[in-house]
Amino acid sequence: MMVRLGRGAYSYERALARSGLGPVAGADEAGRGASAGPLVAAAVVLDPNRPISGLDDSKVLTAAARDRLFEDIRRRAVAVAWAEVSPRECDELGMHHADIQALRRAIGRLDVRPNFVLTDGFPVDGLGVPGLAMWKGDKVAACVSAASIVAKVTRDRIMAAMDAEYPAYGFAIHKGYNTALHQNALALHGPCRIHRYRFANVRAADGAASGAGLE
């Protein structure tokens with residue numbers, strides 16, 4: 001398979017399709033580094049003949065751009081799916097295995113079975129089809145960029161809903177990542193149900209809260 005670099009973010013999907021390996025799915029996750037909330041993975045199959053402009057790594061896009069692209073992807077993609085791994089599962093599995101599990105689940109939920117899967121960063125085995133792990137895949141492959149956006153927007157919306165349930169932590173602002181605001185809330189209130197005890201700061205805050213008689 002030959003990929004002509006410089007031909008845009010759809011180069012990989014088009015090259016794979018020319019080699020008889022289409023449809024191609026891209027998969028990515030959001031929330032690996034957060035100490036609260038679920039891990040969310042998404043998988044997307046795009047139509048290379050109906051390109052969506054503006055796709056990029058979700059982390060470099062504004063929230064408004066992500067929301068707009070999220071709707072474009074859902075409307076124009078061949079297939080879109082996402083899956084969650086709960087905070088407790090993250091604790092039980094460890095973050096790397098939780099990542100793999102989330103990506104497998106998302107890919108398995110696609111309405112269209114892919115013949116090839118592109119993932120961001122590390123390989124995912126057990127898919128039943130060949131795949132390729134790509135360094136900065138969410139920057140160079142359109143389907144992985146789309147999956148990055150879907151995973152990020154979906155998880156952000158989950159964390160906004162969690163903010164309504166646990167308003168003391170500011171989840172709608174930091175989305176469970178370890179910001180100063182989040183750390184201050186942990187120190188004051190201790191962990192809640194959606195915190196991940198794999199993270200040392202959560203365990204430390206739990207000990208401090210227990211010592212102070214807090215739940």
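Let's start with a term you'll need: a residue counts as buried under 20% relative accessible area, as exposed over 50%, and as partly exposed in between. Keep in mind that this is a predicted model.

**Exercise 1.** Work out whether Trp-82 is buried, exposed or partly exposed, and do the same for Phe-70.

*Solution.*
Step 1: Look up Trp-82, which has a relative accessible area of 30%. That value falls between the two cut-offs of 20% and 50%, so Trp-82 is partly exposed.
Step 2: Phe-70 has a relative accessible area of 2%. This is under 20%, so Phe-70 is buried.

**Exercise 2.** Find how many aromatic pairs the structure holds, and classify each by its geometry.

*Solution.*
Step 1: A pair of aromatic rings is described by the distance of the centres and the angle of the planes. The structure holds two such pairs.
Step 2: In the pair of Phe-70 and Trp-82, the centres are 6.2 Å apart and the planes make an angle of 45°. Planes under 30 degrees apart would be stacked and over 60 edge-to-face, so this pair is tilted.
Step 3: Now place those two rings along the chain. Phe-70 belongs to helix α2 (residues 63-76) and Trp-82 to strand β3 (residues 79-85), so the pair links distant parts of the chain, twelve residues apart.
Step 4: Turn to Tyr-169 and Phe-171, whose ring centres are 5.4 Å apart with planes at 10°, so they're stacked.
Step 5: Check the burial of this second pair. Tyr-169 is buried at 7% relative accessibility, and Phe-171 is buried too, at 0%.

**Exercise 3.** Count the disulfides, then see where Cys-192 stands.

*Solution.*
Step 1: A disulfide is a covalent bond between the sulfur atoms of two cysteines. The count here comes to zero.
Step 2: For Cys-192, the nearest cysteine sulfur is that of Cys-90, 14 Å away. The cut-off is 2.5 Å, so Cys-192 is in no disulfide.
Step 3: Cys-192 has a relative accessible area of 10%, so it's buried. Cys-143 is buried as well, at 0%.

**Exercise 4.** Describe the largest pocket: its volume, its lining and the make-up of that lining.

*Solution.*
Step 1: The volume is about 290 Å³.
Step 2: The lining has 15 residues, and Asp-28, Glu-29, Ala-30, Lys-59 and Asp-120 lie nearest the centre of the pocket.
Step 3: Sort the lining by type, and you get eight charged, four polar and three nonpolar residues.
Step 4: Ask which elements contribute. β1 (24-30) and α6 (142-165) each give at least two lining residues, with the largest share, three residues, coming from β1.

Terms used:
Residues are numbered from 1 along each chain as its sequence is written. This is a predicted model: local features need pLDDT of at least 70, side-chain atom pairs count only at pLDDT 80 or more; totals for chains, interfaces and linings use all residues. Side-chain values use heavy atoms; hydrogens and water are left out. On a 1 Å grid over the protein atoms alone, a cavity is a set of points where a 1.4 Å probe fits but cannot get out, and a pocket is an open set with protein on both sides within 12 Å along at least five of seven lines; lining residues have an atom within 4 Å of a point. Grid points are joined across faces, edges and corners, and a volume is the space filled by probe spheres set on the points. Helices (H or I, at least four residues) and strands (E, at least two) are DSSP runs, numbered from the N terminus. Ala, Val, Leu, Ile, Met, Phe, Trp, Tyr, Cys and Pro count as nonpolar, Asp, Glu, Lys and Arg as charged, and the others, Gly among them, as polar. Rings of Phe, Tyr and Trp (its six-membered ring) pair if their centres lie within 6.5 Å; planes under 30 degrees apart count as stacked, over 60 as edge-to-face and the rest as tilted. Buried means under 20% relative accessible area, exposed over 50%, partly exposed in between (1.4 Å probe, protein chains only).
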